[in-house]
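Trainee: Before we rely on the descriptive words people attach to a structure, could we go through them one at a time and ask what each of them rests on?
Mentor: Gladly; let us have the structure in front of us and begin.

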Amino acid sequence: MKLTQLNIENFRNIEKMNIEPCDKVNVIFGENAQGKTNILEAIWLFTGCRSFRGTKDKELITFDKDRAELSVGFFSEGREQYMNITIDEKRKISKNGIAYPSCAKAVGEFICVVFSPAHLSLIKQGPAERRKFADIAISQLKPNYALLLTEYNRAVRQRNFLLRDAAFHSEIYDTLDIWEDRIAHYASKIAKYRLSYIDKLREEVTGIYRGISSNKEEIELEYVQSEDKKNFTSKEEYRERLKKARKEDMASGSTSVGIHRDDIEIKINGVSVRKFGSQGQQRSVALALKLGEAGVIKSVTGEQPVALLDDVMSELDISRQDYILNRIRDWQVFITCCDPNTIKHLKEGKSFEIEKGRIKDCG
């Protein structure tokens with residue numbers, strides 16, 4: 001998948017902009033608050049998803065304007081295609097002249113992966129962030145996965161409610177079997193999806209991280225389901241563990257067993273990157289996870305996603321920057337950065353200097 005044309009009008013601080021990117025690395029540089037990230041955000045919206053900056057649609061329109069207009073031309077599925085987005089009261093999206101009933105229906109038509117500084121939470125924060133990363137990635141590949149998660153979470157909430165009341169109403173105790181059976185049913189399916197995805201992700205990330213670290217460091221990814229690190233996917237084992245945990249769970253009023261407690265353990269040269277990794281290592285790992293996500297998408301769908309890398313160069317040494325600029329092959333990449341010296345290291349690609357929402361210069 002390659003973006004061939006991007007047109008932006010009345011979006012954020014960009015009144016009007018037309019970009020013809022190259023099919024390799026495109027560096028968007030300039031001082032802070034000039035509109036670099038706005039360009040990546042505009043591209044991302046064509047995935048059909050919400051802004052990766054968590055912004056409401058009406059806040060995307062240039063101040064004092066009624067609506068924003070975005071359009072892209074791109075090469076996918078062996079042919080040139082185009083998409084349009086209009087943002088007024090809400091977003092409206094169309095592909096090749098055919099309107100979608102909602103933006104969510106356009107998911108999968110234009111494929112991107114995005115890295116932003118916010119993704120450092122994958123490494124620095126707790127297991128919930130890493131589970132969320134895996135769940136979103138799997139949902140893009142398996143549309144029914146999101147429904148499994150919804151049903152699982154509903155069953156856990158119901159069990160938690162019953163646990164808090166069972167101590168005072170013994171007749172409730174027997175109904176735990178029903179909800180534990182549902183939890184076990186959905187947990188076994190979700191665990192299989194997650195374990196399979198992490199296996200695919202590991203294959204991609206291992207090679208990417210070796211490249212980023214110039215073969216000086218080895219990354220390890222392990223899906224961890226329990227303290228004894230024994231991974232399991234059977235409904236029967238989930239059900240058995242839930243029953244064993246009932247007494248403890250009644251005391252706490254929460255469910256201590258299940259896929260909502262799992263984690264992805266990440267190590268560099270055998271050491272936890274969350275606890276002991278440097279800022280550069282943590283940023284490199286987060287980047288490798290996002291690029292690995294793109295690799296999995298390509299292996300499953302046959303389409304190479306466009307990579308959007310926002311402020312990725314910060315805290316990376318020259319060799320790691322060189323990998324991003326010059327050694328990511330056969331991908332179209334958009335990179336934002338503040339330092340104009342970055343483009344001096346770009347061997348093959350295109351650069352755009354942004355000032356006050358306009359292209360000042362390009363190379």
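Trainee: Where is Ile264 found, and why does Ile264 count as buried?
Mentor: Ile264 is found in strand β10, residues 263–268, and please keep in mind throughout that this is a predicted model. Buried means under 20% relative accessible area, and Ile264 has a relative accessibility of 6%, so Ile264 counts as buried.

Trainee: What does Ile264 touch, once residues up to four places away in sequence are not counted?
Mentor: With those set aside, Ile264 touches Arg130, Ala134, Ile198, Leu221, Glu222 and Tyr223, where contact means heavy atoms within 4.5 Å. The C-alpha atoms of Ile264 and Ala128 are separated by 9.6 Å, although these residues are 136 apart along the chain.

Trainee: What makes Leu149 buried?
Mentor: The relative accessible area of Leu149 is 14%, which falls under the 20% limit, so Leu149 is buried. Leu149 is found in helix α4, residues 145–166, and, leaving aside neighbours within four places in sequence, Leu149 is in contact with Asp135, Ile190, Arg194 and Ile259. From C-alpha to C-alpha, Leu149 and Ala187 are 8.6 Å apart in space, with their positions 38 residues apart in sequence.

Trainee: How do you know that Val306 is buried?
Mentor: Val306 has a relative accessible area of 0%, and since buried means under 20%, Val306 is therefore buried. The place of Val306 is in strand β12, residues 306–309, and the contacts of Val306 beyond four places in sequence are Met1, Leu3, Phe110, Ile111, Cys112, Val113, Gln332 and Phe334. The C-alpha atoms of Val306 and Ala294, 12 residues apart along the chain, are separated by 8.2 Å.

Trainee: What is there to notice about phi of Asn10, and is Asn10 buried or exposed?
Mentor: Phi of Asn10 is near 60°, which is a positive value in a residue other than glycine, and Asn10 lies in strand β1, residues 2–11. Asn10 has a relative accessible area of 14%, under the 20% limit, so Asn10 is buried. Phi of Arg12 is also positive, near 55°, again in a residue other than glycine, but Arg12 lies in the loop between β1 and β2.

Trainee: What makes helix α1 mostly covered?
Mentor: In helix α1, residues 36–44, 9 of the 9 residues are buried; among them are Lys36, Glu41 and Trp44.

Trainee: Which residues have the most contacts inside the largest nonpolar core?
Mentor: Those are Phe110, Leu289, Leu309 and Ile324, in a core of 113 residues, and helix α6, residues 176–212, gives the largest share of this core with 16 residues. Taking Leu289 as an example, and leaving aside neighbours within four places in sequence, the contacts of Leu289 are Leu122, Ile123, Phe133, Leu201, Val205, Leu221 and Ile266. In soluble globular proteins, nonpolar side chains tend to be buried together.

Trainee: What is the volume of the largest pocket, and which residues are closest to its centre?
Mentor: The largest pocket has a volume of about 1,000 Å³, and of the 42 residues that line the largest pocket, Trp44, Cys49, Ile136, Gln140 and Glu293 are the closest to its centre. The elements that each give two or more residues to this lining are β4, β8, α2, α3 and α10, and the largest share, 8 residues, comes from α3. By class, the lining has 21 nonpolar, 12 polar and 9 charged residues.

Trainee: Why is the protein called as compact as a globular protein of its length?
Mentor: The protein has 11 helices and 15 strands. Its radius of gyration is 23 Å, close to the 21 Å that the globule rule gives for 363 residues, so the protein is as compact as a globular protein of that length. The C-alpha atoms fill a box of roughly 75 × 50 × 35 Å along the principal axes, and buried residues make up 52% of the 363 residues. Of the contacts with a separation of 6 or more, 69% are between residues 24 or more positions apart.

Conventions. Residues are numbered from 1 along each chain as its sequence is written. This is a predicted model: local features need pLDDT of at least 70, side-chain atom pairs count only at pLDDT 80 or more; totals for chains, interfaces and linings use all residues. Side-chain values use heavy atoms; hydrogens and water are left out. On a 1 Å grid over the protein atoms alone, a cavity is a set of points where a 1.4 Å probe fits but cannot get out, and a pocket is an open set with protein on both sides within 12 Å along at least five of seven lines; lining residues have an atom within 4 Å of a point. Grid points are joined across faces, edges and corners, and a volume is the space filled by probe spheres set on the points. Helices (H or I, at least four residues) and strands (E, at least two) are DSSP runs, numbered from the N terminus. Ala, Val, Leu, Ile, Met, Phe, Trp, Tyr, Cys and Pro count as nonpolar, Asp, Glu, Lys and Arg as charged, and the others, Gly among them, as polar. A nonpolar core is a set of buried Ala, Val, Leu, Ile, Met, Phe, Trp, Tyr and Cys residues joined through side-chain atoms within 4.5 Å. Buried means under 20% relative accessible area, exposed over 50%, partly exposed in between (1.4 Å probe, protein chains only). The radius of gyration is taken over C-alpha atoms; the globule rule is 2.2 Å times the number of residues to the power 0.38.
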